[in-house]
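Visitor: Got a minute to walk me through this model?
Guide: Sure, pull it up and ask away.

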Amino acid sequence: MFSQYYMMIQLSEEAEMAVEEAWQGKPGNILSEAFRMRIKGADLRTLSSLEWLNDEIMNFYFNLIQERSGSDNLPSVHVFNTFFYPKVLKEGHKGVRRWTKQVDLFSKDIILIPVHLGVHWCLACIHLRKGLIQYFDSMGGRNQQCLMALKKYIEDESIDKRKQTLDTSHWVLECVQGIPQQMNGSDCGVFACKFAEYLSRDADFTFGQEHMPYFRKRMAYEILTKKLL
C-alpha cells in the first residue's frame with residue numbers, strides 16, 4: 001500500500017508552474033489527449049479554485065486510474081464513464097449491453113462508476129471479489145436506487161456474457177458512512193475522484209476538505225502528463 005506521505009508529497013515547482021500556465025491559457029487550447037479524449041483549457045480550468053468538475057475531467061481521470069490498475073500488485077479495475085449510470089437507470093442492462101463487448105468485467109477486482117446527480121458527483125463501486133456494492137457521497141447522502149440498479153446490472157451482465165446466473169443473495173449493498181465530507185458546494189467531483197483513486201489501491205481514505213486545493217492542482221498535473229503520480 002502506498003503511504004500517506006507519498007500521497008501528499010509536494011508538487012515540484014515545475015509542476016506547479018505547468019498547471020498555473022495551463023489554467024491561464026486559452027480555453028480552446030488542447031492540453032492533453034488520450035483515451036480518445038481531448039482535454040481543453042476550459043476543461044482543465046474546472047479543476048481550479050472552486051469550480052465544478054465537468055464530464056471530460058471526470059472521465060479522463062477515471063481512465064488514468066484504470067490504466068494504472070493491475071500493476072505493482074494493485075487491484076484490476078474497470079471504469080465506466082459518466083454517461084453509464086443515467087443510461088442504466090433509464091434503460092437497464094439492454095441500454096449498455098454493448099459497452100463491455102471488449103472487456104470481461106468478471107475478470108476484474110473492482111468496477112468504478114461516477115454518479116452524477118444533476119449538481120452533485122458521487123461514486124459507486126462494485127467489488128466483484130467481495131460480493132459488495134458501495135456508494136460514496138461526500139455530502140452523506142444515501143442512494144439505494146443506485147445500489148439496486150447496479151446489482152441488477154451485474155446480474156444481467158453475467159447472464160448475457162457468461163450465460164450463467166450470478167448468485168447475489170449474500171451480496172452486501174452499502175451507502176458508506178463515516179467517510180471524508182466536503183465543507184463547500186463545489187468539491188464533490190474531486191472527492192468522488194479521490195474516493196475512486198484510493199479504492200483502486202485498497203487504501204484507507206486519509207484525506208479531507210483541507211486537501212482539496214492540493215488535489216485539484218495535482219489532478220490537473222496528472223491530466224497534463226497523462227499519468228498518476
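**Contacts, pocket and cysteines**

Visitor: What does N59 touch, not counting residues up to four places away in sequence?
Guide: N59 touches M37, N81, T82 and F83, with contact meaning heavy atoms within 4.5 Å. This is a predicted model, where local features need pLDDT of at least 70, side-chain atom pairs count only at pLDDT 80 or more, and totals for chains, interfaces and linings use all residues. Residues are numbered from 1 along each chain as its sequence is written, and side-chain values use heavy atoms, leaving out hydrogens and water.

Visitor: Is N59 buried or exposed?
Guide: N59 counts as buried because its relative accessibility is 8%; buried means under 20% relative accessible area, exposed over 50%, partly exposed in between (1.4 Å probe, protein chains only).

Visitor: OK, cysteines now. How many disulfides are there?
Guide: The count is zero, a disulfide being a pair of cysteine sulfur atoms within 2.5 Å.

Visitor: Why is there no bond for C122?
Guide: Because its closest cysteine sulfur, in C188, is 7.4 Å away, too far for a bond. C122 is also buried, at 1% relative accessible area.

Visitor: And what about C125?
Guide: C125 is in no disulfide either; the nearest cysteine sulfur belongs to C146, 11 Å away. C125 is buried too, with a relative accessible area of 0%.

Visitor: Back to N59: where is it found?
Guide: In helix α4, residues 55-68. Helices here are DSSP runs (H or I, at least four residues), numbered from the N terminus.

Notes:
Helices (H or I, at least four residues) and strands (E, at least two) are DSSP runs, numbered from the N terminus.
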